[in-house]
Amino acid sequence: VIISSAHAQPLKPGEWQTYTSMRAVQALALSSDSIHTWAVTTGGAFRANVRDASEPIFALRTTNGLTENNLTAVASDKNGNIFFGGNTGGFDILNEATGKIQQLGSDIRSSLYPIKTINSIAVSGDTIYLATGYGLIVFISGNPGYFGASVNHIGTFPTQDSVRQVIIFDGYVYAAMQEGIAYARTSSDLGNGNNWTTLTDTLPITALVVFNDVIYAGTPNGLFALSPDRQSLTAVPFQNNISVAHLAASSDSLFALDISGTLYSTHDLQHFAVQSLISNVGSPVTAILLVPHTSLVLGTSASGIAFYTGDQLHANLFPEGPVSNDVIDLN
């Protein structure tokens with residue numbers, strides 16, 4: 001830690017302030033206003049205006065009410081709520097209008113499951129789906145909110161198989177898992193393993209996205225499309241066989257980020273544009289987010305976020321703080 005890089009603020013007796021590095025971005029989400037992006041990092045969360053880079057960055061840490069600083073997932077709803085998931089099962093909800101944070105992950109954190117990490121969060125109306133290291137958790141938001149199904153055995157897959165990502169499409173919930181894809185009707189009892197269908201055509205599944213009403217799955221062995229009858233996965237030809245880390249889609253383009261941080265984009269699934277991003281943003285890209293009127297927001301492993309407004313690149317945006325969260329010496 002370079003202590004001088006954090007600007008100290010006057011504190012009252014007994015008052016503490018947390019200073020963390022927020023350079024390592026792990027996930028991104030768009031606020032309901034479609035102007036601000038939330039980034040969750042190994043040192044907390046921050047919000048940036050992706051239309052006006054001069055707006056001050058707003059940061060949240062444990063001293064602001066978060067359960068933990070090492071955050072791994074984020075999502076938003078149309079009511080201005082931001083949902084945060086953490087490395088040890090922290091699950092917090094921020095209401096942007098009031099600034100209040102609810103800490104709701106105590107049961108997850110106190111469970112006996114060895115891996116409690118929340119890998120991703122999907123929002124479908126008032127229903128929030130948490131993809132965790134041991135399965136799927138359903139939360140119903142409201143006043144008050146409550147937890148619904150907690151699923152640690154999905155179909156024929158092993159008990160406590162990790163769910164890496166969850167998406168909702170056309171009345172079904174789809175889970176990206178180590179063993180393949182699992183899906184079930186959202187209206188069914190998700191806790192009943194018999195209500196899930198599992199596909200093991202290729203494994204593991206690292207990412208899911210909907211593009212032109214088709215489910216696409218990213219894997220270490222390339223990109224696959226789910227058949228219309230949801231019974232099989234078909235390989236999508238690439239000019240080279242990439243290892244997909246993240247997927248994103250707009251109305252006319254599909255984006256695939258490989259594990260090296262190279263971005264592939266296509267309009268027709270036949271012709272792919274390839275862009276190496278590290279030279280522009282300074283470190284490997286770890287997350288991608290499509291934003292209206294902004295081509296892409298990029299989360300990086302060591303340089304915060306970057307985004308374009310028009311032809312101008314705004315890079316290395318993150319709150320002030322130390323270079324690293326690994327404290328070696330305070331002398």
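**Note on the predicted model: strands, pocket and backbone details**

1. Both faces of β22 are covered, since L254, A256 and D258 on one side and F255 and L257 on the other are all buried. The strand spans residues 254-258, and five of its five residues are buried. The structure discussed here is a predicted model, and the points below should be read with that in mind.

2. On one edge, β22 is joined to β21 by five bridges, with the two strands running antiparallel. Within this pairing H246 stands opposite L257 of β22, and the connection from β21 to β22 is a hairpin that passes through four residues.

3. β22 also pairs with β23, a strand of residues 262-266, through four bridges and again in the antiparallel sense. Here F255 has S265 of β23 as its bridge partner. The two strands form a hairpin with three residues between them, and G261 in that turn has a positive phi of about 90 degrees.

4. A second run of hairpins involves β17, β18 and β19. β17 and β18 pair in the antiparallel sense over five bridges, with A207 and G218 of β18 as bridge partners; two residues separate the strands in their hairpin, and N212 in the turn has a positive phi of about 50 degrees. β18 is then joined to β19 by four bridges, once more antiparallel, with Y216 partnered by A225 of β19, and these two strands likewise form a hairpin with two residues between them. Five of the six residues of β18 (residues 214-219) are buried, so this strand is largely enclosed by the rest of the structure.

5. The largest pocket holds about 1400 Å³ of space. Its lining consists of 41 residues, and L28, I121, Q165, I167 and L247 are the ones that lie nearest its centre. By class, 30 of the lining residues are nonpolar, nine are polar and two are charged. Several strands each supply at least two residues of this lining, among them β1 (25-30), β9 (118-124), β13 (163-169) and β25 (285-291). The strands β17, β21 and β22, described above for their pairing, are also included in that group.

6. Q165, one of the residues nearest the pocket centre, deserves a closer look. It is placed in strand β13 and counts as buried at 18% relative accessibility, because the cut-off for buried is under 20%. Its side chain reaches the backbone nitrogen of L208 at 2.8 Å. Leaving aside neighbours within four places in sequence, Q165 is in contact with S120, A131, Y174, A175, A176, T206, A207 and L208. Of these, S120 is 45 residues away in sequence, yet the C-alpha atoms of Q165 and S120 are 5.3 Å apart.

7. T132 belongs to strand β10 (residues 127-132) and is buried, with a relative accessible area of 0%. A polar atom of the T132 side chain lies 3.1 Å from the backbone nitrogen of Y134. Not counting residues up to four places away in sequence, T132 touches T117, I118, N119, I137, S162 and V163.

8. The loop between β11 (135-140) and β12 (146-151) contains G142, and P144 is placed in that loop too. G142 is exposed, with a relative accessible area of 51%, and its C-alpha atom is separated by 9.4 Å from that of T127, which is 15 residues away along the chain. The peptide bond from N143 to P144 is cis, with omega near 5 degrees.

9. Two further backbone details are worth checking by eye. R230, in the loop between β19 (222-226) and β20 (233-236), has a positive phi of about 60 degrees although it is not a glycine. L269, in the loop between β23 and β24 (272-276), has a positive phi of about 65 degrees and is likewise not a glycine; L269 is buried, with a relative accessible area of 18%. As background to these points, most residues other than glycine have a negative phi, and most peptide bonds are trans.

Key
Residues numbered from 1 in each chain as written. Predicted model: local features only at pLDDT ≥ 70, side-chain atom pairs only at ≥ 80, totals over all residues. Heavy atoms only, no water. 1 Å grid on protein atoms, 1.4 Å probe; cavity = no way out; pocket = protein on both sides within 12 Å on 5 of 7 lines; lining within 4 Å. Points joined across faces, edges and corners; volume = space filled by probe spheres on them. Nonpolar A, V, L, I, M, F, W, Y, C, P; charged D, E, K, R; others polar. Buried < 20%, exposed > 50% of the residue type's maximum accessible area, 1.4 Å probe, protein only. Pairing = 2+ DSSP bridges. Polar contact = N/O pair within 3.5 Å; in protein donor to acceptor, adjacent residues only side chain to side chain. Contact = heavy atoms within 4.5 Å.
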